[in-house]
Amino acid sequence: MRFVFINRFYWPDEPATAQLLTDLAEALAARGHSVSVIASRPGADTPNAEQRKGVTVVRVRSTRLNRCGLLGKLADFATFYVGCLFCLITRVRPGDIVVALTDPPLLGPGVWLVARLRRARLIHWVQDIYPEIAVALTGNRWLGVFATLRDIAWRRAEACVTLGSDMARVLARARVEPRRLVVIPNWAPAGLGVQPADIA
């Protein structure tokens, strides 16, 4: 199988989604699958593409201004969004499995459109619920208008993977069919296993 994952962060970045995605991508590659990841560049000296443990990592040029407040974050989201969709158009092939995470927020609608045009299958790996989180944090209720587009992308995907039952209920309220809804809890990143001697 050919998998194409999309997330703003990947190894050597340290956010939780980067660590989880790195574990999953490398495990799939070790089982003989073709695995690509589209991510942002953690530094100016990072190559545009590289191979690591069987995974092809394609780096999209985007800003990293998250410390510059809301406008900086919006610039980060927008530049990665545009770059990753362009990259996806050029890389994805019919029958590929495209897995979209939720960073940047609302990545799903754009990825769904590209996947449909390229006759690929789309899976949403839902790590956060946007725009609801943004509304709760900022108080800007108008952001809720984006939920309609997000819900359409969820419903038309091959599957939606969520972290637990509470999040699954949110997707069910968005009218995602039960047969398309899968609950897979997150796991501890590789290397953090606790040995019996450690807790004795």
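Is C84 buried or exposed? In this predicted model, C84 has a relative accessibility of 0% and therefore counts as buried. The residue sits in helix α2, and its C-alpha atom lies 7.5 Å from that of A39, although the two are 45 residues apart in sequence.

A good place to continue is the pairing of two helices. Helix α3, which spans residues 107-117, packs with helix α5, residues 146-156, at an angle of about 40°, and their axes are 8 Å apart. The two helices are therefore oblique to each other, an angle between 35 and 65 degrees being described in that way. The crossing of α3 past α5 is left-handed. How much of α3 is buried? Eight of its eleven residues are, so the helix is largely enclosed by the rest of the structure. Those buried residues are L107, G108, P109, G110, V111, W112, V114 and A115.

Just after α3 comes R119, with a positive phi of about 60°. The C-alpha atom of R119 is separated by 6.3 Å from that of G95, a residue 24 positions away along the chain. G95 itself belongs to the loop between α2 (69-91) and β5 (97-100). With a relative accessible area of 43%, G95 is partly exposed, because it falls between the 20% limit for buried residues and the 50% limit for exposed ones.

The backbone offers some further points of interest. Most residues other than glycine have a negative phi, and most peptide bonds are trans. Against that background, K53 has a positive phi near 50°. K53 is found in the loop between β3 (49-52) and β4 (55-60), and at 57% relative accessibility it counts as exposed. R175 likewise has a positive phi, near 70°. This arginine lies in the loop between α6 (165-173) and β8, where R175 is exposed, with a relative accessible area of 59%. The peptide bond between W11 and P12 is cis, with omega at about 10°. P12 is placed in the loop between β1 (2-6) and α1 (16-30).

Turning to charged side chains, how many salt bridges are counted? The count comes to seven, taking a side-chain nitrogen of Lys or Arg within 4 Å of a carboxyl oxygen of Asp or Glu as the criterion. One of them joins R2 and D96, whose closest N and O atoms are 2.8 Å apart. R2 lies in strand β1 and D96 in the loop between α2 and β5, so this pair ties together parts of the chain that are 94 residues apart in sequence. The two partners can be described by their accessibility as well: R2 is partly exposed, at 24% relative accessible area, whereas D96 is buried, at 3%.

A salt bridge also links E50 with R59, and here the closest N and O atoms are 3.4 Å apart. In this pair E50 is partly exposed, with a relative accessible area of 22%, while R59 counts as buried at 4% relative accessibility.

Within helix α6, D166 forms a salt bridge with R169, with 2.2 Å between the closest N and O atoms. Both residues lie in that helix, three residues apart, or about one turn. D166 counts as exposed at 54% relative accessibility, and R169 is partly exposed, with a relative accessible area of 45%. Elsewhere, E177, R179 and R180 are joined into one network by salt bridges that share partners.

Finally, which residues make the nonpolar surface patch of about 220 Å²? The patch is made by V182, I184 and W187. Of these, I184 lies in the segment after β8 (181-183). With a relative accessibility of 38%, I184 counts as partly exposed, and the figure is over the 30% that membership of a patch requires.

Key
Residues are numbered from 1 along each chain as its sequence is written. This is a predicted model: local features need pLDDT of at least 70, side-chain atom pairs count only at pLDDT 80 or more; totals for chains, interfaces and linings use all residues. Side-chain values use heavy atoms; hydrogens and water are left out. Patches are made of residues with over 30% relative accessible area and no salt bridge: like charges are joined within 9 Å, nonpolar side chains (Val, Leu, Ile, Met, Phe, Trp, Tyr) within 5 Å. Accessible areas come from the Shrake-Rupley method with a 1.4 Å probe; for residues, only the protein chains shown count as cover. Helices (H or I, at least four residues) and strands (E, at least two) are DSSP runs, numbered from the N terminus. Buried means under 20% relative accessible area, exposed over 50%, partly exposed in between (1.4 Å probe, protein chains only). Axes are lines fitted to C-alpha atoms, for helices over the stretch in contact, and angles run from 0 to 180 degrees between N-to-C directions. Angles under 35 degrees count as roughly parallel, over 145 as roughly antiparallel, 65 to 115 as roughly perpendicular and the rest as oblique. A crossing is left-handed if the near helix is turned anticlockwise from the far one by less than a right angle, and right-handed if clockwise.
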